[in-house]
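Here are some notes to read alongside the coordinates. I have kept to three topics: a pocket, a helix and a sheet.

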Amino acid sequence: MGARKKPLLIFMLIFSDFFVSEILAEGVTKEEAKQLRDEVREMFYHAFDGYMKHAFPRDELKPLSCGGEDTLGGYALTLIDSLDTLALLGDREQFTTSVEWIGKNIRFDINKTVSIFETTIRILGGLLSAHLIASDYNTGMRIPSYDDELLHLAEDLARRMLPAFDTPTGIPFGSVNLMHGVDENESKITSTAGGGTLTLEFGVLSRLTNDPIFEQVTKNAVRGLWARRSRINLVGAHIDVFSGEWTQKDAGIGTSIDSFYEYLLKAYLLFGDEEYLFIFQEAYRAAMVYLYNDPWYVEVNMNSAALVWPLFNSLQAFWPGLQVLAGDIEPAIRTHAAFFSVWKRYGFTPEGFNLATFNVQQGQKSYPLRPELIESTYWLYKATRNPSYLDAGRDMLASLQYAARCTCGYCHISDVEFHQQEDHMESFFLAETVKYLWLLFDLAAGPDNLVENGPYKYIFSTEGHLIPTTPQISLASENCSYLGAYCRSGKLVQETYSSDIVNDFRGTNYSFSGTASTNFFSSPAFHKSPSSGLIKGFCPGLTHGQRYGISYIDSVDNHDAESARTTNVEDEVQNSPVFVNHSSDSPPSGSGENPDNSNYHELMENQRVPKLKIETRETVDEERPRDN
């Protein structure tokens, strides 16, 4: 594969006022979009009121029996997870009452062992997002009596989780006791997502408290995981936090790995830290080379790239939305269409769909009200204004209303083939699923909300919590992008860029300009940080490991050794295109004003699930020794 000459650039959708269009889906008028938005709002309050009446202050609602259950720590999980959704909906009264109650009643000095991952994304993220809304006049939701109570709770909670990071690799244990620390019998095995999806929440906390420890430990965890990647830049699903050995070497974009990729890009977008961008680019390229079977994604051995599991699992559905943020929209459109075809077949996406048999995977028939496909639908509509995404959103809303709505809320679907209900409602249904549906229709109806019209641009956490790109959070330092070094200004070369796709898109109000080099990884260049606007230097001639002190760590397991083809493999990864720089002067091809020509539209009309094309990919020969 020839070297890609065009610069690799991030399409900064979330930092634009991009793609204004009045085109709505066939049959979805602007007035109907408002009605759908109002229906989603009613959906939220049916579930939220059911929780407050029948389950509060327990963690989650049992919507069939109208009871409550403690599933995480017994500290009103659903209420905390729902705070910024209340603010987004403009419910000042309920938001104020909830914030005040939490500040007075929630404490974390309890003898409970909790998941580091779930506690971080749901509780810590919920507290921080609500704090940033409640303390800022600019949000329109400031609470006059608020005195940083949620921030103090967040800091206390995070300090109680710090003992989990005390491992030889820096990768945290999966669980911690909030009163006593890590139990001596705690498992040393954790997931890649569990160790690599903490940077946003802990990083924001560091910047709000001026204490770097939180950001440092989570960044070290990411470094610990990435340093143990395979030679082809893939990571496995589970790892021993003491030895650093992978205990499950299946690489994919779904279960146990998904949000590791997500937080690499979002940490860069939020903090302007190029280390995360470098890692994301290398990881994303490898995923597109070894995991992508257009339009599906499969699981492979992280060392040899041999196919392990041809399965679509529902957590993969976040990926098209992430690709929108990265600017790689064309594969996102195709993959979303494939994923949505599964929803159309069953009314929901099952936890697992076998791409070899094209049937629901045995033992993975449930749909626990997951938001990922709805999230990607929102981002693709925001990027393209393709009216087909409103049709998709309407279908998803209809499925939830018809099959998941129950007495006091919305039920898990235990079997997507028979639409059997289960007596459980995860807190993320209110934090994410309903939020993204509401944002989709509000955007079509004429947006009037904190995200679209507020004073800041927002990053969504993996739990859907709103994190504003305020200067306090996003302003980055001006020193060189690798640790302990400074570039000489004379070595910086400015070069304008122009994508071949850019020239095809003209006519809307958005434009993107900047600088880049012909080889992002090694040539002297500088990059303009989108969040801070500060120019940062890239010192020439340094490898990624030299920039950051992160070296590849060879596995001692020779059973999965790669062959001498490693050189070619690495060339293929380095030269694979990652980002497509879309000028927002007009929508991406096939997705704008002429939806009839859209690949997505054609796939939406085809009721058959697109077949998996297993291409014959040369895998790494496991018999030949590594080059050392």
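1. A reminder before you set anything up: this is a predicted model, and the values below are all computed from it.

2. Let's start with the largest pocket, which holds about 530 Å³ of space. Its lining counts 31 residues, and those closest to the centre are Phe-117, Glu-118, Asp-258, Leu-315 and Arg-370. If you care about the chemistry of the wall, the lining splits into 11 nonpolar, 10 polar and 10 charged residues.

3. Which elements give two or more residues to that lining? They are α4 (116-134), β5 (189-191), α6 (192-196), α9 (258-271), α13 (372-384) and α15 (428-445). Helix α4 provides the largest share, with five residues.

4. Next, have a look at helix α2, residues 77-88. Since 12 of its 12 residues are buried, the helix is largely enclosed by the rest of the structure. Buried here means under 20% relative accessible area. The buried set is not purely hydrocarbon in its side chains: among its members are Thr-78, Asp-81, Ser-82, Asp-84 and Thr-85, and these sit in the helix together with leucines such as Leu-77, Leu-79 and Leu-83. Just after α2 comes Gly-90, with a positive phi of about 80°.

5. Finally, there is an open sheet of three strands in the order β8-β11-β12, paired antiparallel. Strands β8 (250-251) and β12 (307-309) are the edges, each pairing on one side only. Between β11 (residues 299-301) and β12 there are two bridges, and Glu-299 has Trp-309 of β12 as its bridge partner.

Definitions and conventions:
Residues are numbered from 1 along each chain as its sequence is written. This is a predicted model: local features need pLDDT of at least 70, side-chain atom pairs count only at pLDDT 80 or more; totals for chains, interfaces and linings use all residues. Side-chain values use heavy atoms; hydrogens and water are left out. On a 1 Å grid over the protein atoms alone, a cavity is a set of points where a 1.4 Å probe fits but cannot get out, and a pocket is an open set with protein on both sides within 12 Å along at least five of seven lines; lining residues have an atom within 4 Å of a point. Grid points are joined across faces, edges and corners, and a volume is the space filled by probe spheres set on the points. Helices (H or I, at least four residues) and strands (E, at least two) are DSSP runs, numbered from the N terminus. Ala, Val, Leu, Ile, Met, Phe, Trp, Tyr, Cys and Pro count as nonpolar, Asp, Glu, Lys and Arg as charged, and the others, Gly among them, as polar. Buried means under 20% relative accessible area, exposed over 50%, partly exposed in between (1.4 Å probe, protein chains only). Two strands pair if DSSP finds at least two bridges between them.
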